[in-house]
Protein chains: 2
Amino acid sequence: MNIGEASKATGISVKMLRYYEEIGLVRPALRAYSGYRVYSDKNIAMLRFVRRSRDLGFQVKQIASLLDLWLDGSRASADVKTLALDHVRDLELRRRELDEMIGTLQHLARHCHGDSRPDCPILTSLSSDDEASAKPARKKASRRGFAVAG
Amino acid sequence: MNIGEASKATGISVKMLRYYEEIGLVRPALRAYSGYRVYSDKNIAMLRFVRRSRDLGFQVKQIASLLDLWLDGSRASADVKTLALDHVRDLELRRRELDEMIGTLQHLARHCHGDSRPDCPILTSLSSDDEASAKPARKKASRRGFAVAG
DNA sequence: CTTGACCCTCCCATGATGGGAGGGTGGATA
DNA sequence: TATCCACCCTCCCATCATGGGAGGGTCAAG
């Protein structure tokens, strides 16, 4: 299988397939004489594992750990569970941050008449001297949102 | 006020203050003879506006629009509200994606006994041939999460 | 007049992703 | 067989918001 077919089979873009190889997330694909990468069914299975993990919001480093566990027949399921639950906590933190932002904004928007007049509580709040008025997040928070880029 | 004081007064890092200036989000600060940036109370107010907007998850480009509206005394509050609600929709989309991931992972974790045995439904699902088993997100989704970096 | 806390600019790194240039491969068709 | 087009290769650049650090200037207190 060439890289284009592998891309279709896994849902990972050609660019990303090369990138995952480059950063060592997956072992370098074999090469044909032409220099083209050649993917086996085993490779494809592994890459699908990677894509599903990405879909669940795991970062590449975490996926590397998951892959290790997956490939290690003697793993303890507890280790996998721990990794998964750690990630859940991370996702939940991000969700809480989003909730706060959404709540604040909806509250502000609800009180903005939204017509042609200039006075607007949204702007007033944003420029307020009151430190607590518009301030959810702002701690350490883990980076990242859910790309797919443009 | 020097940049360090401005940083404390606004909660924006020194690095970011310079960056916001560089990308044109805010007007270049005046300079003392020494070359040091000098911030007025007006500058500080504007920067606080910026920080609050960031806290609400607005991207820099959106903040530029908000600033324009803020500074335009003849704005229509409807424009502000539209911007805010567009952003809310964006945040809600991200939240939905997070919810799906969290839901899927919690479900999987719940069915993983999490002991020293190797069999684990989390890994099984991630490597499954079943396309639907672990697949929330994966559409266009707007970039970004909530930095503050490390 | 030294010391240390600031400030300046410039460059690099991050993470995951895409874009594109410049050039080679491979198979089908004229 | 010559040609064409889709595909592949590598290498470099951009994104977005953020921090790190080097190399060097400024300022105020001791």
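**Entry 1, the surface near DNA strand D.** I began with the residue classes near DNA strand D, where I counted eleven nonpolar, seven polar and five charged residues. I noted at the outset that this is a predicted model, and I read every value below with that in mind. Of the 23 residues around strand D, those that come nearest are Asn2(A), Gly4(A) and Arg37(A) from chain A, with Ser34(B) and Val60(B) from chain B. I then asked which helices each supply at least two residues of this surface. They are helix 1 (3-10) and helix 2 (14-22) of chain A, together with helix 2 (14-22) of chain B.

**Entry 2, the surface near DNA strand C.** I repeated the look-up for DNA strand C, which has 22 residues around it, and found Ser34(A), Val60(A), Asn2(B), Gly4(B) and Arg37(B) to be the ones that come nearest. By class, I recorded eleven nonpolar, six polar and five charged residues for this surface. Helix 2 of chain A, along with helix 1 (3-10) and helix 2 of chain B, each supply at least two of its residues.

**Entry 3, chain A as a whole.** I listed six helices and two strands in chain A, and reading along the sequence I wrote down the pattern α-α-β-β-α-α-α-α. Of the 150 residues in chain A, 33% are buried. Among the contacts in chain A between residues at least 6 apart in sequence, 47% join residues at least 24 apart. The domain assignment for this chain gives domain 1 (3-56) and domain 2 (91-126), and I noted that the C-alpha centres of these two domains of chain A lie 43 Å apart.

**Entry 4, helix 4 of chain A.** I checked the length of helix 4 (residues 60-71) of chain A against expectation: at 1.5 Å a residue its twelve residues should span 16 Å, and the end C-alpha atoms are 16 Å apart, which agrees. I next asked which residues of helix 4 of chain A are buried. They are Ile63(A), Leu66(A) and Trp70(A), and they lie on the same side of helix 4 of chain A because they cover an arc of only 60 degrees around the axis. As background, I reminded myself that an α-helix has 3.6 residues a turn, so residues three or four places apart point the same way. The face of helix 4 of chain A turned away from the buried side carries the exposed residues Lys61(A), Asp68(A) and Leu71(A). I also looked up what the buried residues pack against, and found helix 3 (41-55) and helix 5 (77-110) of chain A, together with helix 6 (121-126) of chain B.

**Entry 5, Leu83(A).** I followed the packing partner helix 5 of chain A to one residue that lies in it, Leu83(A). Is Leu83(A) buried, exposed or partly exposed? I entered Leu83(A) as partly exposed, because it has 17 C-beta neighbours inside 10 Å. Leaving aside residues up to four places away in sequence, Leu83(A) touches Gln62(A), Ser65(A) and Leu66(A). The C-alpha atoms of Leu83(A) and Leu66(A) are separated by 8.0 Å, although the two residues are 17 residues apart along the chain.

**Entry 6, Leu71(B).** Finally I turned to chain B, where Leu71(B) is found in helix 4 (residues 60-71). I entered Leu71(B) as exposed because it has 11 other C-beta atoms within 10 Å. The C-alpha atoms of Leu71(B) and Lys8(B), which are 63 residues apart along the chain, are separated by 24 Å.

Note on methods:
Residues numbered from 1 in each chain as written. Chains lettered and ligands numbered in written order. Predicted model: local features only at pLDDT ≥ 70, side-chain atom pairs only at ≥ 80, totals over all residues. Near = placed C-beta within 6 Å. Nonpolar A, V, L, I, M, F, W, Y, C, P; charged D, E, K, R; others polar. Domains from an automatic or database assignment. Expected span 1.5 Å × (residues − 1). Buried ≥ 20, exposed ≤ 12 C-beta atoms within 10 Å, placed from the backbone. Arc of directions from axis to C-beta. Contact = placed C-beta atoms within 7 Å.
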